[in-house]
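Colleague: Can you walk me through this one? I'm new to it.

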Amino acid sequence: MVIRIVARCIVLCLALLAVPAGASMTIEIVGGGANRIPIAVVPFEAPAGALNPAEVIGADLQRSGLFRLIDSQDVRPLPSEPQQVSFPVWRGRGSDALVIGQVIAQAGNRYEVRFRLFDVVKGQQLLGMSYTVPAQNLRLVAHKIADAVYEKLTGEPGVFSTRIAYVLKRGGRFELQVADVDGHNAVTIAASPEPLMSPAWSPDGSRLAYVSFEDKKPVVYVQNIFDGKRRAVARFRGSNSAPAWSPDGRRLAVVLSKDASSQIYLIDLEGGAPQRLMASSGLDTEPAFSPDGRWLYFTSDRGGSPQIYRVPVEGGAAQRLTFEGGYNVSPALAPDGRTMAYLHRRDGRFLVAVMDLTSGQSRVLTDTDHDESPSFAPNGRMILYATRVGNQGMLATVSVDGQVKQRLSQSGDLREPAWAPLRSQ
Amino acid sequence: MKYAISAVVLAALLAGCAQQPAKEAAIEDRTAPARTVEPAAVQPLVQTQGLAGSDASGTALAGSPVAPPKNAPGPLGQRVIYFDYDSAAIRNEYRPVLEAHAGFLKANARAKVNLEGHADERGSPDYNIALGQRRADSVRKAMQLLGAADERMEAVSFGEEKPAVQGHDEAAWSKNRRVEIRYDGEN
């Protein structure tokens with residue numbers, strides 16, 4: 001009993017250590033898929049004190065809503081190598097898949113992590129890999145293993161090793177934070193007493209464009225998340241807002257009010273004057289490039305109410321995409337360019353909707369009231385957005401089929417989320 | 001006389017036909033170091049430069065800023081203009097306020113104003129920046145027609161980011177859809 005309490009304290013302390021930026025994020029699953037894959041993730045054979053990757057892998061898979069964890073606590077001996085696996089045992093527990101592994105200490109505070117994924121029904125190994133990493137990357141390796149398992153069993157890339165950026169407002173202060181997608185390892189990359197907003201990831205995930213009001217007006221900055229260096233890329237007369245990266249990472253679309261109220265411009269990050277894309281009769285904002293770089297999606301009220309349009313980046317006529325309702329804004333494109341997420345107002349509620357760009361069919365995915373800022377996961381399966389429950393601003397995710405929902409909260413208001421691209425390192 | 005003509009044009013503006021052809025604005029591209037934001041690295045591989053400590057920007061020394069006292073009697077002491085939902089039309093009741101501040105700018109050649117537009121919290125934060133900007137531009141154009149020099153006014157937007165009143169109902173929202181007139185050098 002005492003031992004268990006002590007063990008729990010150690011786990012808690014480790015969890016706290018892993019979140020240097022302060023209070024950790026709470027993740028609540030509020031809906032799950034209908035057909036969840038039963039999987040057992042056996043605790044890895046690991047040195048005492050080292051993070052056990054199985055905990056992270058299991059939590060990742062469960063949170064996706066596509067897996068159901070099978071308990072392995074009382075199985076003895078717990079397998080950590082292929083010859084120790086008895087498939088009838090796992091079949092008897094109703095498990096379709098099994099993950100086992102080992103963490104082996106090496107010189108220089110490094111670890112080798114090995115894992116294997118089995119098809120329990122066929123009694124076959126589906127995957128087996130080994131990673132050697134410094135101790136502080138054990139958690140990242142666990143996410144990478146979860147990604148590999150997810151991809152093998154669902155056919156789509158996993159996104160457990162990706163990051164998110166968002167703005168945390170607490171105590172009258174604004175913090176732009178970057179965290180792992182499970183809320184761990186949150187780091188404040190910019191903090192200000194004035195508002196910060198609109199973070200946008202560069203396609204390679206190394207830089208964030210965002211808007212800061214430290215000069216008592218909105219100015220667009222680009223900051224390298226690794227060395228913290230940043231520069232103002234749009235600081236013109238009036239407001240500078242809503243940055244969006246071109247897929248090649250060389251240009252930003254921004255909204256400037258220097259010539260007329262809120263127009264879209266392209267800025268070459270190597271230098272040169274901003275190039276105005278259109279002369280709009282209304283206000284234009286929220287530019288978003290299509291993944292192939294050929295189209296710019298945006299919000300405009302040129303037709304009397306805010307609606308989503310798109311225009312060829314190289315010039316041409318704008319084309320209206322949304323017609324249902326008087327308020328459709330904040331376009332975000334799926335990585336395959338075929339689906340658009342956006343914000344739709346219905347009966348005074350602001351909801352996340354998706355549109356199939358081929359058929360023009362749309363559907364509302366959420367049932368919250370105050371949604372904002374939808375952003376796609378890099379595998380296109382989930383949409384991250386901001387919402388409010390009571391007086392608390394929080395983040396939420398919903399799968400594109402509307403089935404799986406999660407909420408991410410912590411003390412303070414969370415807003416303006418942006419899901420980073422897949423990491424290469 | 002000139003004033004009378006302006007007043008007619010202003011009346012049209014107040015009625016909501018606020019679509020003025022935009023004037024070419026001077027590009028302001030200051031590269032002063034930041035004052036308040038402290039960047040830090042996700043992975044502390046490289047030491048981040050402490051921008052907070054390297055404050056070299058400062059404020060202008062060209063005499064003290066010129067502004068009417070905040071408690072000035074009458075419309076000159078009024079600094080906030082409120083708007084209807086999704087509207088940038090200036091309600092008639094604010095005409096004396098704009099006249100007073102345009103008059104102050106004309107009489108004080110060194111006075112400069114920032115017109116800070118705001119929106120209520122509903123909907124998209126980025127779209128709300130654009131809505132606040134339209135309100136600020138609407139006030140700027142009205143004051144220009146009343147004789148204030150355009151180059152001494154900057155219209156900017158805070159969107160929904162700085163509500164005057166906390167709260168999630170129309171009572172709060174109606175106080176947050178606004179333009180604040182702030183003179184250079186004021187907090």
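**A look at chain B**

Modeller: Chain B has an accessible surface of about 9,200 Å² (Shrake-Rupley method, 1.4 Å probe, only the protein chains shown counting as cover for residues), and 54% of that surface belongs to carbon and sulfur atoms. This is a predicted model, where local features need pLDDT of at least 70 and side-chain atom pairs pLDDT 80 or more, while totals for chains, interfaces and linings use all residues. Residues are numbered from 1 along each chain, chains are lettered from A and ligands numbered from 1 as written, and side-chain values use heavy atoms, without hydrogens and water.

Colleague: How many helices and strands does chain B have?

Modeller: Four helices and four strands, counted as DSSP runs (H or I, at least four residues; E, at least two) numbered from the N terminus.

Colleague: And in what order do the strands form the sheet?

Modeller: The order is 1-4-2-3 in an open sheet of chain B, with mixed pairing; strands pair if DSSP finds at least two bridges between them. Strands 1 and 3 of chain B are at the edges with a single partner strand each, so one side of each has no neighbour in the sheet.

Colleague: Switching topic: which residues of helix 2 of chain B are buried?

Modeller: B:V97, B:L98, B:A100, B:H101, B:A102, B:F104 and B:L105. Buried means under 20% relative accessible area, exposed over 50%, partly exposed in between (1.4 Å probe, protein chains only).

Colleague: What covers them?

Modeller: The cover includes helix 3 (125-145) and strands 1, 2, 3 and 4 of chain B.

Colleague: How much of chain B counts as buried?

Modeller: 47% of its 187 residues.

Technical notes
Contact = heavy atoms within 4.5 Å.
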